[in-house]
Amino acid sequence: MGSAPPLTLLGGLSPAEFLRDYWQRRPLLIRGAFPDLECPLEPDELAGLACEEGVESRLVEEHGAEGPWQVSHGPFDEATFSRLPERNWTLLVQAVDHFVPEVAELLEHFDFLPRWRLDDIMISYAPPGGSVGPHVDQYDVFLLQGSGQRRWQLGGKVADDAPILDGIDLRILERFSVEAGADWVLEPGDMLYLPPAWAHHGVSESSDCMTLSVGFRAPSADEAITSFADYLGEQLPPSLRYSDAGMTPPSDPAELDDAAVARMRALILDTLDDPAQLAQWFGRVMTQPKYVDQLVPSEEPTEVEDLVAALQDGEELVRSPGSRFAWRTDGDRTTLFVDGDGIDCPLPLARALADITPIDADLLEQEGAAALLVALVDAGSLGWAEEYEEEQ
């Protein structure tokens with residue numbers, strides 16, 4: 001990666017330069033990041049998605065009937081959109097890459113970052129004046145202008161305790177001051193990278209403003225500690241407990257002395273400090289699907305012979321929309337992480353399955369491939385390419 005050439009996507013920076021100087025450090029405006037971009041969706045198509053069950057969507061009205069910055073959650077209907085004014089509202093639809101292959105293809109351009117860090121692509125539509133107010137996000141995001149124009153203003157990095165407006169279902173900053181030189185109008189194909197906790201305010205300046213937000217997942221320390229402790233706790237024997245063998249008589253039986261605290265601290269830290277277990281937990285947590293109900297297990301078990309025959313007849317398997325794959329090798333053990341689970345398998349097989357290319361009969365030459373493919377198909381993590389094409 002260090003020797004990779006400069007990318008138009010990164011404004012002429014190489015991936016190594018971008019990661020060194022900007023990633024999680026400071027914003028970057030990239031004019032013409034996607035020079036010939038054609039937005040993969042029209043506003044009406046986005047609205048149609050927001051009307052479907054199982055699609056997470058929100059409508060933000062700056063001057064709603066129930067008060068300022070009114071937030072409604074989908075699915076919506078045609079009547080919802082027909083009543084909206086000509087200005088000052090925003091429709092946001094999450095995980096559009098799970099439903100529109102042309103949107104999912106955009107993720108391939110971000111292969112200079114770990115694939116397991118990707119969250120989803122949210123798309124927003126807004127008529128003139130539409131916004132969600134000045135705010136901060138706690139994750140990295142690339143804001144790609146798909147169509148129309150949006151004005152972006154940045155306000156610098158914001159502390160966790162920055163005051164926000166009370167009584168609304170949005171975390172809008174009470175105070176927002178635009179930094180010098182951080183006020184731009186983005187045209188189609190332009191892109192703005194923002195690291196976590198950077199205040200920003202985007203306002204539509206056209207009737208066809210579509211913005212694609214490529215977001216990245218990062219568990220909070222609170223989530224990570226709780227999740228890892230739960231993962232370890234399921235495996236620890238009940239006999240592993242606080243112990244004070246060899247202690248000296250206490251000067252006061254009611255005192256919780258330093259020695260007792262040190263013993264408990266050692267028990268906790270020694271239990272948590274297990275790199276191999278941490279890696280196993282981390283792989284599972286970072287491949288958990290955003291929407292579990294999108295993975296549809298097979299109604300009937302797949303026969304190995306039927307799967308092999310289908311592949312040999314030229315059919316291909318693909319990763320299910322929303323499914324996540326990663327792999328890791330520790331010593332002579334390789335784990336394939338799939339949708340929150342960990343599976344021991346040979347390294348070449350793990351790497352092939354975690355790739356984004358379709359799976360064909362060539363993979364059957366690898367040890368254990370057929371049985372593992374059957375398990376992944378039955379779990380809903382893999383599906384037949386032809387069936388997904390028919391659904392589109």
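User: At what angle do helix H5 and helix H7 pack, and how far apart are their axes?
Analyst: Two packed helices are described by the angle between their axes and the distance between the axes. In this predicted model, helix H5 covers residues 221-233 and helix H7 covers residues 275-286. The crossing of H5 and H7 is right-handed, and the two helices pack at an angle of about 115°, with their axes 10 Å apart.

User: How do the residues of the contact of H5 with H7 divide into nonpolar, polar and charged?
Analyst: On the H5 side the contact involves Ala224, Ser227, Phe228, Tyr231 and Leu232, and these meet Gln277, Leu278, Gln280, Trp281, Arg284 and Val285 in H7. Sorted by type, the residues of this contact between H5 and H7 are seven nonpolar, three polar and one charged.

User: Which parts of the chain does the salt bridge of Asp120 and Lys290 tie together, and how many residues apart in sequence are they?
Analyst: Side chains of opposite charge can pair when their charged atoms come close. The side chains of Asp120 and Lys290 form a salt bridge at 3.8 Å, N to O. Asp120 belongs to strand E5 (residues 118-126), whereas Lys290 sits in the loop between H7 and helix H8 (304-312), so the pair ties together parts whose separation in sequence is 170 residues.

User: Is Asp120 buried or exposed?
Analyst: A residue counts as buried when its relative accessible area is under 20%. Its salt-bridge partner Lys290 is partly exposed, at a relative accessible area of 27%. For Asp120 the relative accessible area is 5%, and Asp120 is therefore buried.

User: Which residues are joined with Asp120 into one network by salt bridges that share partners?
Analyst: By the distance rule applied here, the count comes to eleven salt bridges. The pair Arg333 and Asp344, at 3.0 Å, N to O, is one that links distant parts of the chain, with Arg333 in strand E14 (residues 333-338) and Asp344 in strand E15 (residues 341-344), eleven residues apart. Salt bridges that share partners join Asp120 into one network with Asp119, Lys290 and Arg324.

User: Is Asp344 buried or exposed?
Analyst: Arg333, which meets Asp344 in a salt bridge, is partly exposed, with a relative accessible area of 38%. The relative accessibility of Asp344 is 52%, and since exposed means over 50%, Asp344 counts as exposed.

User: How far apart are the closest N and O atoms in the salt bridge of Arg175 with Glu174?
Analyst: Arg175 counts as exposed at 61% relative accessibility, while Glu174 is partly exposed, with a relative accessible area of 43%. In the salt bridge that Arg175 forms with Glu174, the separation of the closest N and O atoms is 3.9 Å.

Methods: Residues numbered from 1 in each chain as written. Predicted model: local features only at pLDDT ≥ 70, side-chain atom pairs only at ≥ 80, totals over all residues. Heavy atoms only, no water. Axes fitted to C-alpha atoms, helices over the stretch in contact; angles between N-to-C directions. Helix = DSSP H or I, 4+ residues; strand = E, 2+ residues; numbered from the N terminus. Left-handed = near helix turned anticlockwise from the far one by under 90°. Contact = heavy atoms within 4.5 Å. Nonpolar A, V, L, I, M, F, W, Y, C, P; charged D, E, K, R; others polar. Salt bridge = Lys/Arg side-chain N within 4 Å of Asp/Glu carboxyl O. Buried < 20%, exposed > 50% of the residue type's maximum accessible area, 1.4 Å probe, protein only.
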